[in-house]
Every structure is written in C-alpha cells, then in structure tokens.
Amino acid sequence: MKQKILSNEEIAPGIFRMVVNMWKEAQKACPGQFVHIRCSSSNDPLLRRPLSIHELIPETVGVLYRVVGKGTDLLSKKKRGDVLDIIGPLGCGFRTKPAVEPVVIVAGGMGVAPLLFLAQSLMNVDRHMRAKQALPQNRLASLPLQRRDVRVLIGAKTREFILCEEEFTKLGCSVDIATDDGSYGQEGYVSSLFEESIRKKKAGQVFACGPNAMLREIAAMSARRAVECHVSLESRMGCGVGVCLGCVIKTKGKDGISGYRRVCRDGPVFDAQTVLWDEFISRL
Amino acid sequence: MRESVDLTTNLAGIRMRNPVMAASGTFGYGEEYASLIDVKKIGAIVLKSVTLKPRDGNVPPRLVETPAGLLNAIGIHNIGVEALKAEKLPGLRDAGTPVIVNIWGENVNEFVKVIEALEDVEGIAGIEVNLSCPNVGGTLFAQDAAAAEGLLENVRKKCALPLIAKLSPQVTDITLIAKACEDGGADAISLINSFPAMAIDVETKRPLLGNVTGGLSGPAIKPIAVKMVWEVSKAVKIPVVGMGGIMSASDAIEFMLAGAKAVAVGTANFVNPRTAEEIVNGIGNYLAKNGFSSVSQIVGVLDAR
Ligand SMILES: Cc1cc2nc3c(=O)[nH]c(=O)nc-3n(C[C@H](O)[C@H](O)[C@H](O)COP(=O)(O)OP(=O)(O)OC[C@H]3O[C@@H](n4cnc5c(N)ncnc54)[C@H](O)[C@@H]3O)c2cc1C
Ligand SMILES: Cc1cc2nc3c(=O)[nH]c(=O)nc-3n(C[C@H](O)[C@H](O)[C@H](O)COP(=O)(O)O)c2cc1C
Ligand code: FES
C-alpha cells in the first residue's frame, strides 16, 4: 500500500496529474474505479481522499486532480520519489458492452478524470498496457487500436480547463468541445453538445462524469431517448471500502423500492436512471 | 524476547489472542477488510449495531471531517437481526477471531427481542449493548442510570453470553451509569461512543450533516475518553474496554494504563486498515522493552499521585 510517486505535474492552473508506481494492484483495475489516498501521515487531514483512476500506463497508474482543499493541496506538493499510502483500486466501474455503438462519453470539468481510462479500455489500449506492450515514449502510436465509434464531449469553464483532448484524439475517439465562455469550441454547456449528438445519432451507451447538475441533465436527456447512461458520482467518504455507510446516496432498485447504496462499494458508477437526482443534489 | 510476552486477554469470558478489538460500525462484518488485512490478528471484532428490523439510516451527508476528528450521523443503518443471522454470522464463524454482536433498540422491548433472536445462534462470543448512539431517537439509556440498569437487567435475563454495556461520554457523571450497568448485570463496560457534536457550512448557513448533529470520533476525543476510562475503571469491578481516537500503540497503552483491560480501534480503521494489527505489534514491543511478561501487567497501573 506504500507506493512511489513517479511524477506530479501541474497541467492546468490548480490541476495536477500524478503518476504512481502501483502495478501489482492496478493491473486488475477497471475504468471508473478509484484509489483512496492518505494525503498526510499526521492526523490532519485525518481521512483518505478518493481519486479516480485516470489512466493506466505500463507499470503505473495516473490520477488527475484539482486542488480544492487541504488534502489535495498536500498532494500537489509531493515530489517524484515520495511515497504515498494508497488503497485500491476500489469500487464498481463502468459496465461497458462490447458491440453497442456509438459510445458517447461526456466529461464536465474534472469529470474527465475517470473517462480517459474508460476510453483506453474501450479502445482496448488498456489490454496492451496490462500486457506491458506499449512504450512509454510514444505510448499510443505503435498500438493496434480497436476501431470503435467513441465520441467524447468535453466541457469546461474556459479553454485552459479543457483537459485530455489530445489523449482522446490519439486513442481514435472523435472529440467535441464546449466552454462556458466560448474561449474554445462551442460556447455553452457540454449538455447542449450531448443533446445535438444524440439527436443526430442515437447513442448505444452513454458514460458521464462531472458536476451533479450536468449529470442530472445528461441522465434526463438519455432517459428521453431510452439510452443507457452510466454516471460516476461523488460523495464524502470515510472508509472507502463499504463498512462505514457514510457515503450513501438514495437510489431506486429494479423492484422500484428505493434505498441507500454506497458510493464507494456499490458505485461510484451508477445507472443514471436509478439515481434519485432531486434528493441527491439537494443533499450536497 | 518478544516471544515471551503474553498478549492473551480474557475479557469477561471472551478469550482473545490480544486486547485490541475493532469497534462497532467501523469494521462492517469483517468481510470488507478481509482482502486488506489479516482479521485473525485482531483480538475480536465488534459488528455494526444490529436492530430488530432493517434500518435505512439517516439522510446524507452522513460524514464530515473536522480537525483530527470525524463527525458521523449514520443512524444505525443496518440489515436487521434476521439478515445478520442468515447472511453474515455463518461466514464469520471462520473468521478466526471472536465475534461480538452489538445490539440497539428504541426501547427495552426491542432490545429484548433482538437478544431473543440471537439466542442459541452459533459463533457469537459476546454481546455489546449500545446504550449510547448519538444519532437516533429512542431512549438514551446511557444518560439515565435507572433506565440503563433496567435495560441491562432485561437483556441479562435472556443472554447467557458475556455482556458488554457501551456508554456515552455525554453525561454528568459517567461512573454512575457504569455502576448502574454493573448492577444490572453487565460483565464489562465499553466506552466511549462518539461525542454528540455538529459542524456548519458558513457559506450556505446550513449544517454539514443531513441529520444536523452527529457523533465526533477520532483523535479529537481521545483525551476525554482516557479520562472517562480512568474514572470508570476505578468505580466498577468489571473490566473496561477503552476506545476513542486510538491511532497507535502508544494511544492504546495510554488507555490500558488508565485501566482498560482491552481497547477498540474505530475511526483509525478508515485511515489505515492495518491500525489494529500494528497496535498489537506495538504493544508487544512496549511490554518487552519495559520488562513486562504479560499485557495484564500494565492495566490500570497509572501512577496518579
Ligand atoms: C469516487 C470519487 C472519485 C473522485 N475522483 C476525483 C478525481 O479523479 N479528481 C479530482 O480532482 N477529484 C476527485 N474526487 C473528489 C475529491 O475526492 C475531493 O476533491 C477531495 O477529497 C477533496 O479533498 P481536500 O482535502 O482537498 O478538500 P476538503 O478540504 O476536504 O474539501 C474541499 C471541498 O471539497 C468538497 N469535498 C471534499 N471531499 C469530497 C468528496 N469526496 N467528493 C466531493 N466533494 C468533496 C468539500 O465539501 C469542500 O467543499 C473524487 C471523489 C470521489 C468520491
Ligand atoms: C462511522 C461510524 C459508525 C459507528 N457506528 C456505531 C454503531 O453502529 N454502534 C456503536 O455502538 N458504535 C458505533 N460507532 C462508534 C465507535 O464504535 C466508537 O465508539 C467511536 O467511534 C469512538 O472510537 P474511535 O474514535 O476510535 O472511532 C461508530 C463510529 C463511526 C465513526
Ligand atoms: S465510505 Fe465507508 S461505506 Fe462508503
């Protein structure tokens, strides 16, 4: 559980990409799973912080995070060679199906974090990574990629917060961009891009991560067109492994009966139509 | 030298390999942590409070972190005693460590029904009676000596297993409640449960917990817990299980010097699932270094002149 940091770089204002050597555990990781990181060896902050697995690179795992408080601030100060206490991979990830197309991926802001790993997996790249076939320098150029119709829609406040465009493109995904201020791509929300996209062509599966208001909209739009939609959700976590029942959200089950489910263990990825959105959002 | 140190602890008839237990509500049913740690290395595990019927628990958010502390308002979200018997206890028989079932009810009658449902169930080493959950309604037995004694008497009648009474720190005189539990028939006292507390979001001007208030645990409450363990262990003849903010072997030893025969690790499991295991090793090293041959030799030896 003690893992060595290989790099930790600021890739946009306040946003860091950290690569950690934790291959033994991460080899079996699924897109949508997260790692639980102890940011300080003292009692402040006390609890671990959950971060999604952002990418699989041979022998290593990458996370992408924004500095929002004490824990992430401490993380951002870590250097190559420092050792971190990490548990994971944890949770249930995105449930992808082999032949449904197109796959539409919707990322809002930091929501891009788990979705790059998802795209890697859809394109089969993670299989090569796990087999350690890729060269770190030209990670993707030499790989025989899966040809799948994967459409990635990325939204952020401004141009500088549009992350991973190049990575998705290299994987062979089509990428469309929206910014709130129009500084890059279409002006407006990524949900408008999504509406256009599914109007033109019905999606096979939709995967989304981002602010809750955005997720609720994507969920509603998907429901109107009867498209399967999975979202990755956040909640404040204690244990991260399912014992404390601190991270629950209310969902409705197949039988229509609602109940609490654990974001850390039953999620963080949920079928969007099972989430009771009003309750979820009002409770944050 | 280490080999000669005896960590075995007999807690009111519960025979444990060592005095370090996992606290209720912080270790699930043992299974979730099984892939991360060796449960056999822990003295005993105390399961999440179980009630007669399944309970949904409180509205989220249920957790807030505070300086060196964790504020929780789970609300005894649990699967109910029947599901516990059918789905969890059978698997726990092979856990390789004593399993203590923690019970809760809204009133005496409910407690009695839960204990009746557990009668003759295999694989239970002891019962912990939660008199002190800060996050649910019902009678707060831990704040009323007569009610506490009455509850223990009623549960005692139906229970042949070692019985532990778990107390709340939010009382005027903890020794009165502890003595009442002893008189009611408890075989041991455990303390403390989390301390009633709250936290507010100054931007939204709303409480940070869905339940408004919750219970504070973690290092922030440790000094309070140590004092209460010290007071209670002097006041009663039955053994005391100390808990509240234990993160390390030295924390655990503090509780033992103050009079705890055993200790329980709660919030620290979330921070480092190996905490209990590391504490077991740390206590062993401490005993060896200080020339003790058995862990019982440090219980209550605090020199408070
Ligand atoms: C399954 C999961 C995956 C996540 N993946 C990523 C990721 O890949 N990249 C990333 O940047 N962030 C991710 N997050 C959010 C990240 O965990 C929080 O930003 C982080 O815990 C904040 O810690 P802090 O100490 O810096 O901030 P704090 O000082 O704890 O809090 C600062 C602010 O962030 C909020 N916050 C704290 N913890 C969480 C949380 N767990 N979820 C949501 N809000 C929180 C607080 O309410 C507060 O407003 C994820 C969260 C979850 C639950
Ligand atoms: C998330 C959480 C859930 C808990 N649930 C229970 C419970 O169901 N029953 C109980 O008796 N105590 C419960 N407790 C209290 C702990 O068992 C323990 O008494 C308390 O947290 C103090 O110890 P600590 O500081 O080591 O956590 C819970 C504590 C936490 C943090
Ligand atoms: S964080 Fe403890 S159950 Fe999810």
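**Aromatic contacts and a buried strand**

In this predicted model, the charged end of B:Arg62 sits over the ring of A:Tyr260, 4.6 Å from its centre, where a charge counts as sitting over a ring if NZ of Lys or CZ of Arg is within 6 Å of the ring centre and within 35 degrees of the ring normal. The charged end of A:Arg159 is likewise placed over the ring of A:Tyr184, at 4.0 Å from its centre. Residues are numbered from 1 along each chain as its sequence is written, and chains are lettered from A in the order in which they are written. Local features need pLDDT of at least 70, side-chain atom pairs count only at pLDDT 80 or more, totals for chains, interfaces and linings use all residues, and side-chain values use heavy atoms, with hydrogens and water left out.

Over all chains, 5 aromatic pairs are found, a pair being rings of Phe, Tyr and Trp (its six-membered ring) whose centres lie within 6.5 Å, with planes under 30 degrees apart counted as stacked, over 60 as edge-to-face and the rest as tilted. The rings of A:Trp277 and A:Phe280 have centres 6.1 Å apart and planes at 75°, so this pair is edge-to-face. Both A:Trp277 and A:Phe280 are buried (under 20% relative accessible area, against over 50% for exposed and in between for partly exposed, with a 1.4 Å probe and protein chains only). B:Phe111 and B:Phe141 also form an edge-to-face pair, 5.6 Å centre to centre with 80° between the planes, and B:Phe111 is buried, as is B:Phe141.

In chain A, 6 of the 7 residues of strand S6 (residues 60–66) are buried, so this strand is largely enclosed by the rest of the structure; strands (E, at least two residues) are, like helices (H or I, at least four), DSSP runs numbered from the N terminus.
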